[in-house]
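Okay, everyone, thanks for coming. I'll put the structure up and then talk through some charged side chains.

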Amino acid sequence: MLRHLAVVRDKVLDRAAFAAGEILLDVGCGEGLIGFGALERGARHVVFSDISQDLLDFCGETADALGLSDRCSFVKASAHKLAGVADHSIDVVATRSVLIYVAEKERAFGEFFRVLRPGGRVSLFEPINRFGMHERRHGFWGYPSDGLHDLAKRVEGVYEAIQPPTDPMLDFDERDLVRLAEGAGFFPIDLELQAEVKSTDPKPWPAFLNSSGNPKIPTIAQAMDEVLSPEEREEFAEHLRPLVEEGRGVWRMATAYLKAVKP
C-alpha cells in the first residue's frame with residue numbers, strides 16, 4: 001500500500017511542479033505522506049493541516065525524529081475552513097483523497113484559492129467513486145448475483161442507507177472538480193482521469209468477507225448479518241464464494257488528478 005501511495009504522492013508533487021524553496025500546505029495531511037515528500041524535495045516550509053489532533057501530533061513526532069521541526073508547522077483545520085493559514089502565504093496546496101470526506105467542496109476550493117499566492121498551484125488526487133456505480137448495482141460489488149438478486153439488493157441496501165448519492169464520497173465526479181476549481185477563480189486547470197475496468201483479482205473468501213469499501217461503512221460480513229437469515233447467508237455465500245476466489249467479477253475504478261493555478 002505504501003508503494004502505491006508513494007506513486008500517488010510523487011505524481012501530486014510532480015503535477016504541481018513543486019520546487020525546492022517553496023512553501024507547501026498539505027491539507028488533510030494524515031500521516032504526512034505528501035508533506036514529508038515535499039520536505040525531501042527541499043521545501044522551505046510545510047504546513048501540515050488536518051482535523052485530527054492525533055495525526056498532527058504523529059506528524060510532529062515524525063518531524064522531530066527527522067530533525068525537520070524548524071521547517072514545519074501544524075494547523076488543526078478542516079479543508080473548507082483553513083483557519084490559521086494566512087491569505088497569499090502558500091506556493092502549493094496539495095491533497096490526497098481528502099475532498100471525498102468534505103461536504104462543502106465549493107468552500108474548500110475557495111479556501112485553497114485564498115491561501116495561495118498569485119501564481120500558486122493546487123494539486124490534488126481524488127477517487128471518483130461515482131464511476132461504475134450503475135453497473136455495480138446490477139450484481140453485488142462487481143460480481144453477478146444471478147438468481148440471488150433479492151439477497152444482493154438487501155445487503156447493498158445496508159450501504160445505500162449509510163451512504164446515499166448525496167454522501168460526500170459519492171456526490172461528485174471529475175467534471176465537478178473542474179467546475180469547482182474554475183468557480184473558485186483558478187486558471188488554467190488541468191485534469192487527468194484514469195479509468196480502469198478489468199477482471200477482479202482472486203481473493204481469499206475470509207478477506208473479502210471482512211473488507212469494506214471505505215472506513216464509513218461496515219464489512220460485507222456485518223452487512224450480511226444485519227439483513228440476512230443464517231440460511232440466506234449460507235445461500236448467498238455459496239453463490240458468491242467461488243466467484244470471489246476465482247476472480248470472476250469486474251473491477252471498476254476511476255481516479256482524478258487535478259492541477260490548477262491561481263492567476
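So, start at lysine 105: a polar atom of the lysine 105 side chain sits 3.0 Å from the backbone oxygen of proline 168. Keep in mind that this is a predicted model. There's a second polar partner too, since the side chains of lysine 105 and aspartate 171 make a polar contact of 2.8 Å.

Where does this lysine sit? Lysine 105 is in helix 4, which covers residues 105-115. And is lysine 105 buried or exposed? It's buried, because its relative accessibility is 4% and the cut-off for buried is under 20%. If you skip the neighbours within four places in sequence, lysine 105 is in contact with Leu99, Pro168, Asp171, Phe172 and Leu180. So proline 168 and aspartate 171, the two polar partners, turn up again in that list.

Right, salt bridges. How many are there? The count is 24.

Let me pick out a few. One of them pairs aspartate 190 with arginine 15, with N to O at 2.6 Å. Aspartate 190 belongs to strand 6 (residues 189-199) and arginine 15 to helix 1 (residues 2-15), so this bridge ties together parts that are 175 residues apart in sequence. The two ends aren't equally covered, by the way: aspartate 190 is partly exposed at 40% relative accessibility, while arginine 15 is buried, at 14%.

Next up, arginine 121 and glutamate 22. They form a salt bridge as well, and their closest N and O atoms are 2.9 Å apart. Again, distant parts of the chain get linked: arginine 121 is in strand 5 (residues 116-127), glutamate 22 is in the loop between helix 1 and strand 1 (23-27), and the two are 99 residues apart. Here both partners, arginine 121 and glutamate 22, are buried.

Then have a look at glutamate 104, right before our lysine in the numbering. Glutamate 104 makes a salt bridge with arginine 107, with 2.9 Å between the closest N and O atoms. For this pair, glutamate 104 is partly exposed at 34% relative accessibility, and arginine 107 is partly exposed at 41%.

Last thing, and it goes beyond single pairs. Which residues are joined into one network by salt bridges that share partners? Arg130, Asp173, Arg175, Asp176 and Arg179.

That's my tour, happy to go back to any of these.

Terms used:
Residues numbered from 1 in each chain as written. Predicted model: local features only at pLDDT ≥ 70, side-chain atom pairs only at ≥ 80, totals over all residues. Heavy atoms only, no water. Salt bridge = Lys/Arg side-chain N within 4 Å of Asp/Glu carboxyl O. Helix = DSSP H or I, 4+ residues; strand = E, 2+ residues; numbered from the N terminus. Buried < 20%, exposed > 50% of the residue type's maximum accessible area, 1.4 Å probe, protein only. Polar contact = N/O pair within 3.5 Å; in protein donor to acceptor, adjacent residues only side chain to side chain. Contact = heavy atoms within 4.5 Å.
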